Each structure stands twice: as C-alpha cells, then as structure tokens.
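Colleague: Could you take me through one helix of this model in detail, and then through the core and the charged pairs in the rest of the chain? Please give the cut-offs as you go.

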Amino acid sequence: MGATEKRMEQLGIRLQQTDWKGKGTAEAVLAGDMLYLSAHYPVNPDGTPAYVGRVGGELTEEQGYQAARLCGLNMLRTIQSYIGSLDRVDYFVKALGLVNSAGDFYNMPPVMNGFSDLMVEIFGQRGRHARAAMGAYVLEGNMPVCVDAIVRIRR
C-alpha cells in the first residue's frame with residue numbers, strides 16, 4: 001500500500017470496486033505521462049445513479065457537492081486500476097465539471113468543489129488543478145454532475 005492509499009485510509013476513504021465494462025469508450029487513456037479520464041458520474045458500485053435530478057431543482061447545492069465528490073472517488077478507482085498505486089499521480093492538470101442545473105441555478109463552481117476539495121484532501125498540492133465548472137441542460141440518466149480530468153503520471 002502506497003503513501004496515498006494510506007492517507008486515504010486515515011481519512012476513512014475507501015474506493016468502491018466496480019465493473020462497468022462493455023461500454024464503447026475507454027474510462028481512461030494513457031498517452032506518454034498524461035492520463036486522460038473520461039467523464040465520471042456519481043454512481044454506486046453496480047453502476048446505478050447515487051443521485052438523480054437537477055441541482056437547484058430536485059437536489060440542493062450540498063447534494064450536488066456530494067455528487068461531485070463521488071465522481072472524484074469513482075475517478076480515483078479508475079486511476080488506480082490503470083496505473084496501480086495512486087502514488088504515481090504526479091499532479092492533477094485539469095478538470096471539467098458539468099452540472100445538471102435547474103434554470104435559475106448559477107452556483108456550478110461550489111458544486112464542483114466537491115471534486116476539487118477531495119483531490120486536495122487526498123493529494124495536497126498535487127491535487128490542485130485548473131478547472132472549469134459549467135451548467136448543462138441535461139446529463140446521462142438525469143444525474144446531477146459529471147467530471148473528466150487530465151492527470152500527469154510519474155513513470
């Protein structure tokens with residue numbers, strides 16, 4: 001177990017094991033030392049949505065924050081499965097969060113902080129990243145948020 005996994009254990013964070021094979025896209029693509037991660041959603045281990053609805057409508061901003069955090073946990077599981085130890089994460093380069101927003105909801109950045117805060121909590125400065133947080137009219141399965149990212153990996 002690497003230092004990052006030990007840190008997660010101290011924080012009480014456990015990654016769920018999933019099997020989402022059969023989709024037409026890759027969860028991640030490693031090109032040189034850059035890992036490009038596809039959109040990750042707030043889903044349970046069986047792939048069912050943990051949250052459903054629009055932020056600012058059926059869901060509160062805090063629920064959106066927690067959904068974005070779950071996107072991050074799911075993304076960490078993907079990173080770990082592709083590169084082994086999370087200690088190989090050099091740093092997070094960029095993240096994009098799409099928030100399924102009610103018509104009058106404008107607080108996408110605080111929702112996306114659920115993802116960003118988690119990465120800093122686990123990785124410290126290595127978890128800080130450039131980011132965009134944008135509203136979306138609708139997301140897959142009416143889930144409230146999805147996040148993709150680019151991560152630099154240590155060889």
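Modeller: What follows starts with helix α3 and then turns to the nonpolar cores and the salt bridges.

This is a predicted model, in which local features need pLDDT of at least 70 and side-chain atom pairs count only at pLDDT 80 or more, while totals for chains, interfaces and linings use all residues. Residues are numbered from 1 along each chain as its sequence is written, and side-chain values use heavy atoms, with hydrogens and water left out.

Helices (H or I, at least four residues) and strands (E, at least two) are DSSP runs, numbered from the N terminus. Helix α3 has 16 residues and reaches 23 Å from its first C-alpha to its last, close to the 22 Å expected at 1.5 Å a residue, where the expected span is 1.5 Å times one less than the number of residues. The helix bends by about 35° at Gly 114, the bend being the angle between axes fitted to the seven residues ending there and the seven starting there. Just after α3, Gly 124 takes a positive phi of about 65°.

Buried here means under 20% relative accessible area, exposed means over 50%, and partly exposed lies in between (1.4 Å probe, protein chains only). The buried residues of α3 include Met 108, Gly 114, Phe 115, Leu 118 and Phe 123, and what covers the buried residues of this helix includes α1, α2, β3, β4 (130-136) and β5. Val 120, which also lies in α3 (residues 108-123), is partly exposed, with a relative accessible area of 34%. Not counting residues up to four places away in sequence, Val 120 touches Gly 127 and Arg 128, a contact being heavy atoms within 4.5 Å. Val 120 and Phe 92 are 28 residues apart in sequence, and their C-alpha atoms are 9.6 Å apart in space.

Phe 92 and Phe 115 are, with Leu 76 and Ile 79, the residues with the most contacts inside the largest nonpolar core, which has 36 residues. A nonpolar core is a set of buried Ala, Val, Leu, Ile, Met, Phe, Trp, Tyr and Cys residues joined through side-chain atoms within 4.5 Å. The elements giving two or more residues to this core are β2, α2, β3, α3 and β5, and its largest share, nine residues, comes from α2. Ile 79 touches, among others, Leu 35, Leu 86, Phe 92 and Val 151.

Side chains of opposite charge can pair when their charged atoms come close. With a salt bridge taken as a side-chain nitrogen of Lys or Arg within 4 Å of a carboxyl oxygen of Asp or Glu, the count comes to five salt bridges. One of them joins Glu 27 to Arg 77, with the closest N and O atoms 2.9 Å apart; this pair links distant parts of the chain, since Glu 27 is in the loop between α1 (3-10) and β1 (28-31) and Arg 77 is in helix α2 (residues 61-83), 50 residues apart. Glu 27 is partly exposed at 24% relative accessible area, whereas Arg 77 is buried at 7%.

Asp 33 forms a salt bridge with Arg 152, the closest N and O atoms being 2.9 Å apart, and Asp 90 forms one with Arg 154, where the corresponding separation is 3.5 Å. Salt bridges that share partners join Asp 33, Asp 90, Arg 152 and Arg 154 into one network.
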